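Visitor: I would like a close look at a single part of this model. Please pick one strand and one residue in it, and work outward from there.

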Amino acid sequence: MHAYDAELADLIFDYMRERLQLDPVPLDHPGRKDKLESVLAGLIGPAGHDPRRVLSVYDDHLSQAVISCDSPRFLSFIPAAPTKAALLFDMVVSCASLQGISWLEASGAIAAENQVLRLIADMAGMGAEAGGCFVTGGSAGNLSALVVARDTARTRLGLGPYDPVRIAVSDQAHSSIGNTLRIIGVEPLVVPSDDHRLTGANLRATLAADDSGIPVIGVVATAGTTNAGIIDDLEGVAEIAKERDLWFHVDGAYGGAGLFAPSVRARYDGIEHADSFVVDPHKWLFAPFDCAALVYKNPKLAKAVHTQDASYLDVIHMDTPDEWNPTDYAYHLTRRARGLPLWFSLAVHGTDAYAQAIEAALTLARESAQLIRRHPELELIREPELSSVLFRRKGWSAEDYQAWSDRLLAGQIAFVTPTGWEGETVGRFAFLHPHTTLGTVEEILATMA
């Protein structure tokens, strides 16, 4: 290894300082495969290279061949807007080389992460015993939670480890839910949505009409669909789940952050009954990638399913009162302490600042909806519930939307990709960054005239 590690550290810190000072962050462009392969050619081989040269390759070529998710003009998919405090502390976590699987190895880090999980559980009203861990993202959280739902139900019902069971899901559930069910060998019972929302009434009717004889052991509701920001009928679904003794899982990967916003908090009523809940701080709680919070109402059930037994792990499973091993609450073993950047940012800024930042995106969505309604060539598809806004340009085809999106990105005006809605290609804004302005939205809409 090089002997000039201190000099290399200074070089990296200078680069990071410049990146953090970008205001606003530029969008940049996707790269060309042939160009990227050319600049990377020969960089990895038997001999090393001067770090200045390698860093210049990244700075001059690789870093610009991206579309920056933390730009206030990134309005596609679900953006990201990590605070400077969270980004800086993510560097601290990386430098610390924490192995965040056990209380034995990282009790300080885990205590801080658990403070944030306690906050999230309290915001959801899930009770004093609730707890869990941080995982990589909503997909990992949904997978880990539904494995617990499956195995807990099989044990309760006296079923074998491979006996078939099913979980009720909406036809609007996130793709990760369907993927999870395929992975864990559980069939979905698909519940038709009511105006794209899972309701207790539809769940009850679907369960009543089912005569397959295969037990339905759980239900998944969504707290903020990715495409349109729709919150399911959580109270109604929770009522049926209680009646039928179903595991109630809430996927709030994107929209769960709205719990922090007083203007929409009532829409989440019923989430307090969830057996498990996922929210991704790397989306709307201003943490860096990759960070998702997974919370269980009764963590002991998750521990019974996920604890890995191996002789070399016995030392971390002493069942002491203070023990809390994140590895016991999801399918992972090796794990970064990925909740620490969020903990640091929350401690630095306070929860009021987080609420204000989330409310800013909600306000922008409402104001943008008003602009669209007043535009003679545009139609608002539905009133925004959270920070996602769907709209159409009269007379446009799918090709028109894509050409418009390409022009916006080429001109660095914005990154706005079209989406699908009821078989039609439409426009979509995904607001998250608190520094995205109504003026930016007006600039974008003017290009659709």
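Guide: What follows starts with the whole chain, moves to one sheet, and ends at one side chain. Bear in mind that this is a predicted model.

The setting comes first. The protein chain holds 15 helices and 11 strands. Its radius of gyration is 23 Å, close to the 22 Å that the globule rule gives for 449 residues, so the chain is as compact as a globular protein of that length. The C-alpha trace spans about 65 × 60 × 40 Å along its principal axes. Half of the picture is interior: 50% of the 449 residues count as buried. Among contacts with a separation of 6 or more, 72% join residues 24 or more positions apart. The exposed surface comes to about 20200 Å², with 54% of it supplied by carbon and sulfur atoms.

Now the sheet. Four strands make up an open sheet in the order E8-E9-E11-E10, and the pairing is antiparallel. Strand E8 (378-380) and strand E10 (419-421) form the edges, each pairing on one side only. On average, neighbouring strands in this sheet are turned by 45° against each other, direction ignored. Strands of a sheet pair through backbone hydrogen bonds, either parallel or antiparallel.

Next, the pair to watch. Strand E9 covers residues 388-393, strand E11 covers residues 424-430, and the two pair in the antiparallel sense over 4 bridges. Look at Leu390: its bridge partner in E11 is Arg428. A helix belongs to this scene too. Helix H13 (residues 351-374) lies across E8, E9 and E11. Its run makes an angle of about 135° to E8.

Finally, the residue. Ser388 lies in strand E9. Is Ser388 buried or exposed? Its relative accessibility is 3%, and the cut-off for buried is under 20%, so Ser388 counts as buried.

What does the side chain of Ser388 reach? It comes to 2.8 Å from the backbone oxygen of Asn227. It also makes a polar contact with the side chain of Arg428, at 3.3 Å. Arg428 therefore appears twice in this account: as the bridge partner of Leu390, and as a polar contact of Ser388.

The wider surroundings complete the view. Leaving aside residues up to four places away in sequence, Ser388 touches Thr226, Asn227, Ala228, Gly229, Tyr254, Arg428 and Phe429.

Methods
Residues numbered from 1 in each chain as written. Predicted model: local features only at pLDDT ≥ 70, side-chain atom pairs only at ≥ 80, totals over all residues. Heavy atoms only, no water. Pairing = 2+ DSSP bridges. Axes fitted to C-alpha atoms, helices over the stretch in contact; angles between N-to-C directions. Contact = heavy atoms within 4.5 Å. Buried < 20%, exposed > 50% of the residue type's maximum accessible area, 1.4 Å probe, protein only. Polar contact = N/O pair within 3.5 Å; in protein donor to acceptor, adjacent residues only side chain to side chain. Rg over C-alpha atoms; globule rule 2.2 N^0.38 Å. Areas by Shrake-Rupley, 256 points an atom, 1.4 Å probe, with all protein chains shown as cover.
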